[in-house]
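Welcome! Please open your viewer and get ready to select a few pieces one after another.

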Amino acid sequence: MRRGAPALLVTLGLVVLLGWYVAYTQHLVAELRREASRSAQMYARVYSALSDPTDQSGTAALLDLSSHIDSMGVPVIVTDARGRPSAKANLPFDAPLESPRTMAYVRELDEQNAPVVEPGVGTVHFGNPPLVRSLRVIPIAQAASLSLLLLAGGYVIRTRGRADRERVWAGMARESAHQLGTPLTSLSGWIELLRERDGDELTASAITHMQTDLDRLERVAHRFERIGRPPKRDRVDAGELAERVASYFRARVPTLAHKVTVTSARPLQPLVVEGDAVLLEWALEALAKNAIDALAGRGGHLDISAAPLAEGGVRVRVADDGPGVPRELRSRVFDAGFSTKERGWGIGLSLARRIVEDNHGGRLVLAPSERGATFDVILR
């Protein structure tokens, strides 16, 4: 129901707009028919007066025509040769003829239509009938409503397309995790078999590293299983998480040519937040991997630290002293598919922001720094 609510609202809006348009056109037709009926009555009254030779017929015809004109709703003010109002009809307010408000309304009527000078009578200032006013306002309102509905429809289509892509991506990720399960189980068996045999120190060391990498692959497979599912709300020590990520990369960065040094810092007390430890570790690793890629071929320093915030919450900072992010690209670093690396996919930072902000309600920002790039993960 929640997924279909936007589309239902847009459909309902289109139905309301269509009903409004039909009702308005029917009202417009009815008004035009009434105008035609008044014109026919006035025409008949003029010919009736012309065919009556008595003196009273002309006066009666003029009074009758005046009442018909008054019923049309056209605002009219008649001024004499000195510009003073001498008669009025259908004004939108009740004020004496000599009032300043009436004189000001004369100028408004002249802006709508050019006045008519009638010798012996004066100047007739008239405005637009209600039908003309509605013809000017209602179509604009309908066009604005239609534009809003079209924008809403475009947003719904875009959102649904994005949701479909995310469902496909989540399904592929879960299927990948399922496919990884069989070879991981097989590798685990082979490692146990090697442990049972006596070997030299090098073999024992290799088995230890193989087990570590196997555990890593199992965690990656588990992460893929978490895609598309609601995040957990467990108690997570952000400081311990930062230390674990730093330890993992510390054992795998270059230590000879173009050496990369990985350090970490956290307070003694736990920095507990509510969240999904698997997803948060994934986000921190994506930030650390991005920093190590920036230091490739040049060496440098990567620091992962966790600290409490004065206003509440925890900040985990991933900072490097590499080339940094150019000013003109800072607003695009979190866009999916954007990468400054020649063979980069542009997924890591986008994934990290999605985990931090969409799944945990936190913030991931590219903080100002004098050198390199600094990313802050803010969790409450």
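This tour starts with the whole chain, then visits some helices and a few single residues.

**The whole chain**

Before selecting anything, keep in mind that this is a predicted model. Colour by secondary structure, and you can look for eight helices and 11 strands. The protein has 380 residues, and 32% of them are buried. Among contacts with a separation of 6 or more, 62% join residues 24 or more positions apart.

**Stop 1: helix α6**

Select residues 238-250, which form helix α6. How far apart are the end C-alpha atoms of α6? They are 18 Å apart, and this agrees with the 18 Å that 13 residues should span at 1.5 Å a residue.

Now show the side chains. The buried residues here are Ala238, Gly239, Leu241, Ala242, Val245, Ala246, Tyr248 and Phe249. What do the buried residues of α6 pack against? Their neighbours are the helices α5 (201-226) and α7, together with the strands β5 (234-237), β6 (260-265), β8 (300-308) and β9 (314-320).

**Stop 2: where α6 meets α7**

Add residues 277-295, helix α7, to your selection. The axes of α6 and α7 come within 10 Å and cross at roughly 45 degrees, so the two helices are oblique to each other. Their crossing is right-handed. On the α6 side, look for Leu241, Ala242, Arg244, Val245 and Phe249. On the α7 side, the contact is made by Ala277, Leu280, Glu281, Leu284, Glu285, Ala288, Lys289 and Ile292. If you colour this contact by class, you will find nine nonpolar and four charged residues, with no polar ones.

**Stop 3: on to helix α8**

Keep α7 and add residues 348-359, helix α8. The 12 residues of α8 should span 16 Å at 1.5 Å a residue, and the end C-alpha atoms are indeed 16 Å apart. Buried in α8 are Leu349, Ser350, Leu351, Ala352, Ile355, Val356 and Asn359.

How do α7 and α8 pack? Their axes are 9 Å apart, at an angle of about 145 degrees, and the crossing is left-handed. From α7, pick out Leu279, Leu280, Trp282, Ala283, Ala286, Leu287 and Asn290; these meet Gly348, Leu349, Leu351, Ala352, Ile355, Val356 and Asn359 of α8. This contact has 11 nonpolar and three polar residues, and no charged ones.

Just after α8, click on Gly361, where phi is positive, near 65 degrees.

**Stop 4: Pro231**

Next, select Pro231 in the loop between α5 and β5. Is Pro231 buried or partly exposed? Its relative accessibility is 22%, so it counts as partly exposed. Show Asn359 again as well: it is 128 residues from Pro231 along the chain, yet their C-alpha atoms are separated by 6.1 Å. Leaving aside residues up to four places away in sequence, Pro231 touches Arg226, Asp276, Leu279 and Asn359.

**Stop 5: Asn90**

Finally, go to the loop between β2 (85-89) and α3 (100-112) and select Asn90. Most residues other than glycine have a negative phi. Asn90, however, has a positive phi, near 60 degrees. With 28% relative accessibility, Asn90 counts as partly exposed.

Technical notes
Residues numbered from 1 in each chain as written. Predicted model: local features only at pLDDT ≥ 70, side-chain atom pairs only at ≥ 80, totals over all residues. Heavy atoms only, no water. Axes fitted to C-alpha atoms, helices over the stretch in contact; angles between N-to-C directions. Helix = DSSP H or I, 4+ residues; strand = E, 2+ residues; numbered from the N terminus. Parallel < 35°, antiparallel > 145°, perpendicular 65-115°, else oblique. Left-handed = near helix turned anticlockwise from the far one by under 90°. Contact = heavy atoms within 4.5 Å. Nonpolar A, V, L, I, M, F, W, Y, C, P; charged D, E, K, R; others polar. Expected span 1.5 Å × (residues − 1). Buried < 20%, exposed > 50% of the residue type's maximum accessible area, 1.4 Å probe, protein only.
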